[in-house]
Amino acid sequence: MDADVIVIGLGAAGSWAAWRAAQQGARVIGLESRSRLHDDGAYAGESRLFRAAYHEGAHYVPMLLSSRESWLDLELGGCSRIFHDTGVLSIGSPDAPQLEQVRASLAGSGIDHEVLDADEIRARYPQHGLITDEIGVLDRLGGVLRPESAVAEIQRRALEAGAELRDHTDVVAIDETASGVTVTTADGTIDAAQVIVTAGAWTSALLPDLGALLEIKPLALTWFAPDDPRSFDAAVFPAFIRDHGETHLFGVPTLDGSLVKVGYDAKWESVDEPDALVRRMTLEQRDRVARDVHRLVPTLPAAVSRGSVHMDVFTADKTALLGRLSERVVVGTGFSGHGFKLTPAFGDALADLALDREPRFDLAPFAPSRFATAPVAA
Ligand SMILES: Cc1cc2nc3c(=O)[nH]c(=O)nc-3n(C[C@H](O)[C@H](O)[C@H](O)COP(=O)(O)OP(=O)(O)OC[C@H]3O[C@@H](n4cnc5c(N)ncnc54)[C@H](O)[C@@H]3O)c2cc1C
C-alpha cells in the first residue's frame, strides 16, 4: 500500500482534506493534474464572499461559524492575508425569498447583524442605487476570503503535516480492488486504502455514475474602476449581494485600492465538459453585465475594466455532494457556486469519512444518496 488516503484534485476542499488527514497521522498522497496553484478551477479570481447569514438554509449556520473560526486560525499561523473582515450587506426587496431566507438563518443564531431600511441604506451606503424600497441585512460576520492565498497556505500546512502533494499528475482511472483502491496516472499506479475525489468540474470524468447529478455552470467575474476608489474602500463599503428580479450580483470592495469586483450570475448555458468553457467574455456580455451593475450600483462606471469566466459544478438542489460512494471512495463535489467559504467544514468532513471517524456535522443534507440515481455505499 503506497498510502492510507489518496486525494484527487487539490482545489480548496481537496487540499484541506489532505492536510487534515495527514494531521491525523494518515499517509496522504494528493494528486493535482495542473500546477499546485492555477486559475483553471473554481477558486480563481482573487476573492470569495464569506457569509454567515445564509439564504441557502439555517442548517448551514453551525458549519459556517466553525469554518469562520478555522479561516481566522489559518490566517493567524500563516504567511498572508486570507480573511478581510468587511461585513456583507444583502440588499433586496423585503419580500424577496433570498432576503426572507437570510433573515430566517439569522433568527436565534446570535450572528451579529443589522437590518436597514431604504433610507438608512441611502444614508450609509450612497454607493448603492435602490430601485424600489429595498431593505438591507448587514451580516457583520461576513467578509471576503482570498482564495489563492488560502489554497497556497492550506497546501503549505498539508506538506508540513507530512502529506505528499504531486502536481502535473492527471488521474485517469480509479479501480477498487479486494484490498483497497488503485489510482492510475500517466506515471503509473498508486495503491491506497481510501480515495477522496475532489476533482471539481472534472469529477464526472473520474466517476461517470455521478455525471447525471452534476452540471458545470459558467460564472462571470468583472472588475470596475470607480472615479472615487476611496468611497469603495472596505472601511466604508461592505461586500454586498444585490438581488433584483432576475439579477443576482455579489461584490467586493477595493482590496487593491483601485478596482471593485462584481460577480455576476449570468445564467449562461451550462457546458458539457470543463475544457469547453469559454473563459473570455464577449463585448456584448461585458456590456450586459456593466448595464446591470450600473443600474444597481450607479456610482460604478457603466464599463467593465476586466472580466473573466469561471466555472463551478452544481447539483439540482445547489447543495454539495459529500459522502461515501463505496467502501473505498469518498466524494466532495457539487459545491454549486457557494462552496469556498465552507472549505474547512467540508474538508474536515471528507478527511473524517476517509479515516472512518465520526464527522463533526450532520452530513445527511449532503449525502449523494438523496438523489435516486446516485451510486451508494454498500
Ligand atoms: C466565479 C465564482 C465565484 C464564486 N464565488 C463564491 C463565493 O463568493 N463564496 C463561496 O463560498 N464560493 C464561491 N464560489 C464557489 C467556490 O469557489 C467553489 O465551490 C469551490 O472553489 C469548488 O472547489 P472544488 O475543490 O470543488 O473545485 P476546484 O477548485 O476546481 O478543484 C478541483 C481540482 O481538481 C483538479 N483535478 C480535476 N481532475 C483531476 C484529475 N483527473 N487528476 C488530478 N487532479 C484533477 C483540478 O485541476 C482542480 O485543481 C464561486 C465559484 C466561482 C466559479
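Biologist: Which residue follows α1, and what is the sign of its phi?

Modeller: Gly-25 follows α1, and its phi is positive, near 95 degrees. Before we go on, this is a predicted model, where local features need pLDDT of at least 70, side-chain atom pairs count only at pLDDT 80 or more, and totals for chains, interfaces and linings use all residues. Residues are numbered from 1 along each chain as its sequence is written, and side-chain values use heavy atoms, with hydrogens and water left out.

Biologist: What makes α1 a helix by name, and how do you know that its length agrees with the expected span?

Modeller: Helices (H or I, at least four residues) and strands (E, at least two) are DSSP runs, numbered from the N terminus. The expected span is 1.5 Å times one less than the number of residues. For the 12 residues of α1 (residues 12-23) that gives 16 Å, and the end C-alpha atoms are 16 Å apart, so the two agree.

Biologist: Why is α1 called largely enclosed?

Modeller: Buried means under 20% relative accessible area, exposed over 50%, and partly exposed in between (1.4 Å probe, protein chains only). In α1, 11 of the 12 residues are buried, so the rest of the structure largely encloses this helix. Among them are Trp-16, Trp-19 and Arg-20.

Biologist: Why are α2 and α5 called roughly perpendicular?

Modeller: Axes are lines fitted to C-alpha atoms, for helices over the stretch in contact, and angles run from 0 to 180 degrees between N-to-C directions. Angles under 35 degrees count as roughly parallel, over 145 as roughly antiparallel, 65 to 115 as roughly perpendicular and the rest as oblique. Helix α2 (residues 61-76) and helix α5 (residues 147-160) cross at roughly 75 degrees, their axes coming within 11 Å, and are therefore roughly perpendicular.

Biologist: Which residues make that contact?

Modeller: With contact meaning heavy atoms within 4.5 Å, Trp-71, Asp-73 and Leu-74 of α2 meet Ala-150, Glu-153, Ile-154 and Arg-157 of α5.

Biologist: What makes β3 and β4 edge strands?

Modeller: Two strands pair if DSSP finds at least two bridges between them. The open sheet runs β3-β8-β4, with antiparallel pairing. Both β3 (48-50) and β4 (83-84) have a single partner strand, so one side of each lacks a neighbour in the sheet.

Biologist: How do you know that β4 and β8 pair?

Modeller: Two bridges join β4 to β8 (residues 143-145), and His-84 has Val-144 as its bridge partner.

Biologist: What makes β17 largely enclosed, and which strand pairs with it?

Modeller: Seven of the nine residues of β17 (residues 306-314) are buried, so this strand is largely enclosed by the rest of the structure. Strand β13 (residues 215-224) pairs with β17 in the antiparallel sense over nine bridges.
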